[in-house]
Structures are given as structure tokens and as C-alpha cells.
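Me: Please take a close look at one part of this structure. I would like its surroundings explained as well, in short steps.

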Amino acid sequence: MEESIWYYTTRFYEGAVFIYCIAIFSLYAILTVLSARNIRKNRRLNSFRKQEILVESPLTPGISVIAPAYNEAATIIDNVRSLLTLNYPRFEVIIVNDGSTDETLEKLVSEFRLTEIDFAYDPRLPSKPVRRFFKSADKAYRKLLVIDKENGKSKADAVNSGINAAAFPYFLNTDVDCILDNDALLFLIRPFLDEEKRVIAAGAPLRIANSCEVDAGMLTRIRPPRALLPRFQEMEYVRSYIMGKMGWSAINAVPNVSGGLGLFDREIAVEAGGYDSRSFAEDMDILVRMGKYMCETKQDYAIRYIPRTLCWTEAPYTLKVFTRQRVRWGRGLMQLFAVHRKVLFNPGYRKMGLVIFPYNFFFELLAPVIETVGILYYIYLIIMGMVNWPFAIILLIFVYTYSVFISSVAVLWDQYTFRYYRSWKEVLGLCSMAFFEPFLYHPVILFSSIKGYLNHLLGRKHQWGNMQRRGFTRQAA
């Protein structure tokens, strides 16, 4: 009798796991098709001539570029120079020095000849107190505003102070460790101008800049990271943005806009209460808050992604820093569902309640739990000698092959469409990471997610730490 119960329990679990795998892989396939169609459509609409019109038109809306900085002395000058050279007719750059303890502020003051000024600051959104405002007397840097404030222990707090000081109707949320494409603002503003619906946010893919060459804040050579850990992250980013975000954008169900590069409607962000400084996933939280505001006020809206990579960011080099980052992401995801739990399956929140939240719940939040339980369960079955080996081997081969296929297609499709890398040798080298990901990279992601969940449930204090920037490789003279 007992053996019969275990037999049927094992078969039920194996069937449930197989159905779950089929469901998630089917979603990936659908997103891949939607992504391909959306990328082709986007390339047709974004012609060079339309970009020229935006540059020359006096009606092009202004954008405030907000970049918080905490102990970023290693890269701050190159990155601010990069932001100041963006190709856009009306914009300002707001650097928020979030209580840095290194030479970040001193380098800014010296390099850009900044002086303290009086500033009409309207603190509509909550943040730690602002100490001083700086502007440059040099006309070459007239677009630069530097805010010096007390450390808020989160990027959200710093961005809120930047929004409070912003002069334009749209703001770009980015990081000072990021290098933006010179035409980033031109590409990102297009959905806001072209859509019939009110676009409240737009994003674009990020890539890893660790092995790229940079000269005076400008990328001069794009290449995949040489180090193993950043190279895995590069593949993950390409897959996530090209196969994921572009597919969701096609049906107006984008789950989040990256904190490294996102353009937002300032009015809606303020009305939604701005960023929550207590959130560990502020990039997802702000989009949920804005979406909830639009639904509750009965306004139609859209969130869009464009396929062109417009931002390169320095990824963690060490396993310690990387794990700390991913633990925070895992904790932030669980926190998001705890704070906004009434959204899940709520038709009043439209696609956010019926598509985005259910997907994130079943295939993002629960996936690490299901996988961890599955691993432990199979270890138990192996010990007890009760494994259905033919089924287990077929399932493992299926999962492994499909994951390698999806990652490889994403990288190859991205290169075929945009040609970011100079040689196919670099592309194939990046594709090769897909074969090792399940054994080297994915276990770290799984461990970090579970640890983040436990930290949230146990109420443990999170140590934000420092990203320990190394700076970028300069072009050889």
C-alpha cells in the first residue's frame, strides 16, 4: 500500500513538473515570435530621417537625465561627460551625490568647475535632506546640475530628489556607471510621441561594458566581456531583453523597465508617489505604482521597449558582489508581491493584474522554489532508489537543450539584426556560455533567489554594500 502511494505521488510530481516545463517553454516560444515581429516593426518605424526631425524640431519635449552617484569616483567623470554629449535638443543632466564618502563630489567640482548656487527646490517626493546645489559657470557645462544630499541608503531616495529638481516633463533614470548611446534620448522619446495611448515609460536593452573600450565617456569598441562571470551576465541580458521584454512590449505587458535605463512621464511618476525608498526592486515597484495609478484613475496607458541597445553598464566582477546584487533582486521580487498583492488576478488592473503579475508569480517568483524542491525531491528519490530514470533523463535533456537553444537564438538574432560585435568569433564565444550556464551560472542565481526570499520572510537587514567599480578600459593611444 505504501509503495503504491509513493508510486502515484512520484508519477504525479513528475507529470506536474513536465507540464510546468512545457508551459514556461511555450511562453518563451510565444515571446520569441512576438519579439521578432516587434523588432522588425520597430526598425521600420525608427528611420534616420525621423531622428533628424526630432533634433531640429522646436517642439521636441525636454528630458531631465537623473543619475544618482554613491562612491563612484572611479568612473564619475567619464560617465558625466558621456551624459553631457547626448544628441538631443533639450535636456539637462542631474547628478545626485547621495552622501558619497569618497572623492565623487570633489572630482565633479574640480572637473566641471562647479560653484554652489541657490535653487528653487520643490520636495514633492520624499527623500533625505538636500545639502547643496552646484552649477558650472562654464557654458560648456550649463546643462549640468549637481545635487549634494544626505545618504538615503537606496537609489530610490536619490532619484526622488532628482525628480523634485527636474525642469522637464520626462525624466531618464540611469546610473553613473552606465555609458549611453549618443542617440539614446532620441530613440526613447519616440514611443511617447508616436503612440495614441499615453506612454508612461519606455526602456531599451542594457549590455555589459566590462571589456569594452571607452574614450572620454564614449564607447570606441564593443566586445563581449572576457571574464567568465560578466560574460554570463551579458548572455543573460541579451536573452532577457531581446526575447523577453520585446515580446511583452508587443502586447503592452512590459513587467518592468530597468533601473539602468528608463524614460518616464514625470507627471505620472509624481502622482503615483515616486520611488519607494524601502523597496529592494525599485525599478519594478515604480512601474507597478504608475500602472496602478493609471488604472485607478481610468486612464489608458502603454509601456514600451525598443530593441536597440542604448546603455552599457559595468557588471559585478566578483561572486560576492554579484550574489549580493541578486539576493537583493530576489528579496525585491517577494517584497513586490507582498506590497502589491491586491493586483494579482485583479481585473481592475487590466493586463497588469491578469497577465504581468500572474506570469511573474508563477514563472519568476515560484520558479526558484519549484526548482529547489524538485532538486531536493530527486535527491531523496535517488537515495531511496525510486527514480524513474528514463523519464528523468528525457526531462533533463529536454530542459537543457531548450535552454541552450533559446539563449543561442537570442544572441544570434541580436547580432544578425544590430551587428554590435565585430566578429562572429566573439558571437560564438558568447553563445558557448549557454552550454555551461545550467552548471555554473544558474545555480548561483537559484541560491541567491532563495536566500533573498528567506531574508524577506525572516526580516533580515540587507547590507547594500558597494559595487566596487573598476572603471572602463581606455582606448589605446
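The request and its answer follow.

Me: Look closely at helix 6 (residues 184-194). Is helix 6 largely enclosed by the rest of the structure or not, and which of its residues are buried? Then move outward to the salt bridges, the aromatic pairs and the surface patches.

Reply: A caution comes before the details. This is a predicted model.

Start with burial. Helix 6 has 11 residues, and nine of them are buried, so the helix is largely enclosed by the rest of the structure. The buried residues are A184, L185, L186, F187, L188, I189, R190, P191 and F192. D194 is not on that list: its relative accessible area is 47%, and it is partly exposed. Buried here means under 20% relative accessible area.

One name among the buried residues carries a charge. R190 has 5% relative accessibility and counts as buried. Its partner is D194: the two form a salt bridge, with the closest N and O atoms 2.8 Å apart. Both residues sit in helix 6, four residues apart, and about one helical turn separates them. The general geometry fits this spacing. An α-helix has 3.6 residues a turn, so residues three or four places apart point the same way. The bridge thus joins a buried arginine, R190, to a partly exposed aspartate, D194.

Now step outside the helix. The structure holds 23 salt bridges. One of them pairs D148 with R132, at 3.0 Å from N to O. D148 belongs to strand 5 (residues 144-149) and R132 to strand 4 (residues 130-136), so this pair ties together parts that are 16 residues apart in sequence. The burial of the two ends is uneven. D148 is buried, at 2% relative accessibility. R132 is partly exposed, at 31%.

A further bridge spans a longer stretch of sequence. The side chains of E267 and R198 meet at 2.9 Å, N to O. This pair links distant parts of the chain: E267 is in helix 8 (residues 266-271), R198 is in strand 8 (residues 198-203), and their positions lie 69 residues apart in sequence. R198 is partly exposed, with a relative accessible area of 30%. Some charges go beyond a simple pair. D98, K149 and D157 are linked in a network of salt bridges.

Next, the aromatic side chains. The structure holds 26 aromatic pairs. One is Y237 with Y241, an edge-to-face pair: 6.2 Å centre to centre, with 80 degrees between the planes. Both tyrosines lie in helix 7 (residues 228-250), four residues apart, about one turn of the helix. Y237 is buried at 12% relative accessibility. Y241 is buried too, at 7%. Y377 and Y378 also form an edge-to-face pair, with centres 6.4 Å apart and planes at 75 degrees. Y377 counts as buried at 15% relative accessibility, and Y378 counts as buried at 17%. Aromatic rings also gather in a group: F337, F345, F357, F361 and F362 form one aromatic cluster.

One contact brings together remote parts of the sequence. The C-alpha atoms of C311 and L180 are separated by 4.5 Å, although the two residues are 131 apart along the chain. C311 is in strand 14 (residues 311-313). Its relative accessibility is 0%, and C311 counts as buried.

Finally, the surface. R37, R40, K41 and R44 gather in a patch of positive charge there. R44 lies in helix 1 (residues 2-45). This arginine, R44, is exposed, with a relative accessible area of 63%. A second patch has a nonpolar character. I375, L376, I379, Y380, I383 and M384 form it, with about 580 Å² of accessible area together. M384 lies in helix 11 (residues 350-384). Its relative accessible area is 44%, and M384 is partly exposed.

Back to the part you asked about. Helix 6 is largely enclosed, with nine of its 11 residues buried. Within it, R190 reaches D194 through a salt bridge at 2.8 Å, and that aspartate, D194, is partly exposed.

Conventions: Residues numbered from 1 in each chain as written. Predicted model: local features only at pLDDT ≥ 70, side-chain atom pairs only at ≥ 80, totals over all residues. Heavy atoms only, no water. Patch = residues over 30% accessible without salt bridge, like charges linked within 9 Å, V, L, I, M, F, W, Y side chains within 5 Å. Areas by Shrake-Rupley, 256 points an atom, 1.4 Å probe, with all protein chains shown as cover. Salt bridge = Lys/Arg side-chain N within 4 Å of Asp/Glu carboxyl O. Helix = DSSP H or I, 4+ residues; strand = E, 2+ residues; numbered from the N terminus. Buried < 20%, exposed > 50% of the residue type's maximum accessible area, 1.4 Å probe, protein only. Lys, Arg positive; Asp, Glu negative; His and termini not counted. Charge placed at Lys NZ, Arg CZ, Asp CG, Glu CD. Phe/Tyr/Trp six-rings, centres within 6.5 Å; stacked < 30°, edge-to-face > 60°.
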